[in-house]
Amino acid sequence: MDFDTAAARRGTNSVKWDRASIMSICSNPDAEPFWVADMDFLPEEHAKAAGLRIAELGVYGYPVFRTLEEAASHWLSVRHGWEVPAEDITYSMGLLHGVSACLSLFTPPGARILVPSPTYKPFRDITADLGRTFIEHCLAYDSAAHAFSIDRERFREDASHSDAILFCSPQNPSGIVFSEDDLRFVLETAKGLSIPVISDEIHADLAHPEATHIPMGKANEGIGADTITLFAPSKTFNIAGEHCGFIVFSDQGKKERFRRNERACRLDEPSLVIGELAEAVYRDGLEYNRELCSYLAGTLEAMVSLLEDLGSPLHIVQSHASFVAFIDCSAIYGKARDYVERHPEEFPGGEGGGILSRFFGAKAAVCVNDGTWFGGMWKEFVRFNYGTSRKSVLEALKRMDRAARSL
Ligand SMILES: Cc1ncc(COP(=O)(O)O)c(C=O)c1O
């Protein structure tokens, strides 16, 4: 598989490559995009073949899928060693839809939702949009080792004031792949408080080869907490624009209630395109997934080595999953802020993004998500998407390092 060749996506309605969207993130429409979690790799061959088959016929009538959940069950078994019968797997029109529907169905208005921070911003937005209360639980950050972890005492304390836990595993953007011990701790805490754990596992299949992701529902075997485990082929196979996810409920009553609600809203059936793509990759995409995870781990290692060799003030947070790296820029944040404030003429693009995303947008022509997107306290970080050719990733990092050291 050729991961060194990126797809040419400019002008294809890709938000990642859209100049106005890039502008809104870093204030420089010409910056190269390393932001939204969307990869630029060429398509997986079975996904591509399924798409071509549909396009060749060119008839997009109502579909019916009889074996899609079986394919998802097969995937959980071969990729994560989790045996879940197809009838216990429920389709969801994307993971955020699933999270949102679960929060509105299974928590009352005003409910306090504990969410680890740094937080994937839509979790915060959905919680607010639904009239629930966002309880920001800060992960512990070791600034010497550049690593995040759960502070158990604080987690227990925050959970005791919460009505549900909204977890992200592996965690976006910190890259934590939680150990079985950590997951058991979370589950036992939740069980003791009789609150549900909603676990968004969209990045699960992208755990790097040195790490093992354990689905929340699997870790829950023998514990008996109330778990809602959401997973998807979307990030894994770069088909996220088609919005497809699946859910495993530990509580059969919740499963039925979710399904009834989806039927009532007419959201319970996948489209022709995503049904075909999802089934193809879940049946035949394992080899591609293995190679992709190795490539991503290799790129991350090369990124860390590059910054070390350069003696860079930028540090990549330890991560064992996916294709987004949180970069600790605390060594230059103060100088970057002063620079941006004193030289407004060098940042003509306005106020899109935050200090660091504007700084790197203008001075390195690299568009990254500002740390503030994940919560105000993470202003000294940026998130960098390395889901593209290693060569362009390393070139962009060099430009960021040069800009940082020019301060
Ligand atoms: C943690 C997490 N959940 C959900 C999503 C989006 O999922 P979907 O497009 O299926 O709603 C993303 C996309 O970046 C994500 O990182």
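**Notebook: loops, domains and a ligand shell**

I began with Pro170, which I found in the loop between β7 (164-168) and α7 (180-193). The model I am reading is a predicted one. I then looked at the bond that leads into Pro170: Ser169 and Pro170 are joined by a cis peptide bond, with omega about -5°.

I looked up a second cis bond, from Ser117 to Pro118, where omega is near 10°. Pro118 sits in the loop between β3 (112-117) and α5 (121-129). I noted these bonds since most peptide bonds are trans, and most residues other than glycine have a negative phi.

Next I turned to phi. Ser27 is not a glycine, yet its phi is positive, near 70°. I located Ser27 in the loop between α1 (19-26) and β1 (32-33). Is Ser27 buried or exposed? I recorded Ser27 as buried, because 23 other C-beta atoms lie within 10 Å and the cut-off for buried is 20 or more.

Asn238 also has a positive phi, of about 55°, without being a glycine. Its place is the loop between β9 (227-231) and β10 (245-249). Asn238 has 21 C-beta neighbours inside 10 Å and therefore counts as buried.

I then checked helix α10 (residues 272-284). What span should its 13 residues have? At 1.5 Å a residue the expected value is 18 Å, and the end C-alpha atoms are 18 Å apart, so the two agree. I listed the buried residues of α10, among them Ile274, Leu277, Ala278 and Val281. An α-helix has 3.6 residues a turn, so residues three or four places apart point the same way. In α10, however, the run of buried residues also includes Gly275, Glu276, Glu279, Ala280 and Tyr282. I found α2 (45-57) and α3 (68-80) among the elements that cover the buried residues of α10.

I moved on to the domains. Domain 1 comprises 15-43 + 287-405, and domain 2 comprises 49-284. Their C-alpha centres lie 26 Å apart. To the contact, domain 1 gives 28 residues and domain 2 gives 29 residues. On the side of domain 1 that touches domain 2, α11 (286-310), β11 (315-316) and β12 (324-328) each supply at least two residues. The largest share, five residues, comes from α11. I sorted this side of domain 1 by class and recorded 17 nonpolar, eight polar and three charged residues.

Finally, I examined the ligand. How many residues surround it? I noted 14, of which the closest are Ala37, Gly94, Leu95, Leu96 and Asn172. The shell has eight nonpolar, five polar and one charged residues.

Conventions. Residues are numbered from 1 along each chain as its sequence is written. This is a predicted model: local features need pLDDT of at least 70, side-chain atom pairs count only at pLDDT 80 or more; totals for chains, interfaces and linings use all residues. A residue is near a molecule or strand if its C-beta atom, placed from the backbone, lies within 6 Å of it. Ala, Val, Leu, Ile, Met, Phe, Trp, Tyr, Cys and Pro count as nonpolar, Asp, Glu, Lys and Arg as charged, and the others, Gly among them, as polar. Domain bounds come from an automatic or database domain assignment. Two residues are in contact if their C-beta atoms, placed from the backbone, lie within 7 Å. Helices (H or I, at least four residues) and strands (E, at least two) are DSSP runs, numbered from the N terminus. The expected span of a helix is 1.5 Å times one less than its number of residues. A residue is buried if 20 or more other C-beta atoms lie within 10 Å of its own, exposed if 12 or fewer, and partly exposed in between; C-beta atoms are placed from the backbone.
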